[in-house]
Amino acid sequence: SLDWGYTDDNGPSTWAEKYPLAAGARQSPVDIDTSKATSDNSLVDREIDWSYPSNCSYRIVNTGYGWRVDTYGDDTALSGGPLSEVYKLEQFHCHWGATNDEGSEHTVDGKSYAAELHLVHWNSEKYSSFKEAASQPDGLAVLGVFMEIGNADNAELEKIISLIPKIIHKGQDSQASFDLDFGSLLPESKHYWTYLGSLTTPPCNECVIWTVFKEPITISERQLEVFRSLKSVGEEDAIEPEEGKLVKNYRPPLPLGNRVLRECGP
Ligand SMILES: CN[C@H]1CN(c2cccc(OC)c2)S(=O)(=O)c2sc(S(N)(=O)=O)cc21
Ligand SMILES: [Zn+2]
């Protein structure tokens, strides 16, 4: 079985037993209390800027905690906004809930969205590897994008979702080269909140500069159901068909404490 996860016996409230960082003062996610957000002029003239390849080969893997697309981020770049260096895209993944009224990790004035997309970047200008960066306070930059239920399928996400039936069990992966337009995985508005936080899963390293976009993108109910069909156990684990389904994989918010929450955008 997994040494951590999202069930009652290995979920977020138990993580600090094996992963002491989970009890730190710079943990993620947080509830974004919009009344606490300060609009910071130092962010205004540094628009957050990204460049992603339109066609690239990707690997999607079932980590046991969800799906993850590894991007081999050679010609990717994220800069500006709260970032002082250029970061490279390492992977992206998603968090969701068992029902549509929960699932995001960050919340806005207590409101949860149905899911949340994370694009994970590392400071390749300052550090020589992703692993090294993940142990530094400014090592990773994660973009968080809220996802709400809409009538239409999300066409870009559909390219990923169509591969999920091949990775139903933990450890399975699928190589695909598809042209993914990352731009359409991000909202039109660049309005965002930013704060210093952590990985939202064990080992909960406090190494992330978080940027959470205010405007959600949409995903259809059917697409979200495909996420929930993933299993947290391997093919060899003989269990009942309905058992081991990853119906939720989000960590509830932790206290912001005395951290500054900055807001930027129109
Ligand atoms: C399992 N999930 C994490 C895996 N990674 C990780 C990072 C550093 C050390 C490490 O030791 C194993 C693993 S990761 O950087 O790919 C990320 S990013 C992320 S989130 N939800 O905050 O965006 C969770 C994880
Ligand atoms: Zn995540």
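**Exercise 1. Find which strands supply at least two residues each to the shell around ligand 1.**

Solution. Start with the strands: β7 (88-96), β9 (115-122) and β10 (140-149) each give at least two shell residues. Next, look for the biggest contributor: β7 has the largest share, with 3 residues. Keep in mind that you're working with a predicted model. Now zoom in on single residues: the shell counts 15 of them, and the closest are Gln-91, His-95, Phe-130, Thr-200 and Thr-201. Finally, sort the shell by class, and you get 9 nonpolar, 6 polar and no charged residues.

**Exercise 2. Work out which histidine side chains have an N or O atom within 3.5 Å of a nitrogen atom of ligand 1.**

Solution. Take the histidines one by one. For His-93, the distance from a side-chain N or O atom to a ligand nitrogen is 3.3 Å. For His-95, a polar side-chain atom is 3.2 Å from a nitrogen of the ligand. For His-118, the value is 3.4 Å. As for cover, the protein hides 77% of the 550 Å² of accessible area that ligand 1 has on its own.

**Exercise 3. Describe the pocket that ligand 1 sits in.**

Solution. First, pick the pocket: ligand 1 sits in the largest one, with a volume of about 640 Å³. Then check its walls: 29 residues line this pocket, and nearest its centre are Arg-68, Gln-91, His-93, Thr-201 and Pro-202. Strand β7 turns up here too, giving the largest share of the lining, 5 residues. Last, split the lining by class: 15 nonpolar, 10 polar and 4 charged.

Conventions
Residues numbered from 1 in each chain as written. Chains lettered and ligands numbered in written order. Predicted model: local features only at pLDDT ≥ 70, side-chain atom pairs only at ≥ 80, totals over all residues. Heavy atoms only, no water. Near = heavy atom within 4 Å. Polar contact = N/O pair within 3.5 Å; in protein donor to acceptor, adjacent residues only side chain to side chain. Areas by Shrake-Rupley, 256 points an atom, 1.4 Å probe, with all protein chains shown as cover. 1 Å grid on protein atoms, 1.4 Å probe; cavity = no way out; pocket = protein on both sides within 12 Å on 5 of 7 lines; lining within 4 Å. Sits in = over half its atoms within 2 Å of the grid points. Helix = DSSP H or I, 4+ residues; strand = E, 2+ residues; numbered from the N terminus. Nonpolar A, V, L, I, M, F, W, Y, C, P; charged D, E, K, R; others polar. Points joined across faces, edges and corners; volume = space filled by probe spheres on them.
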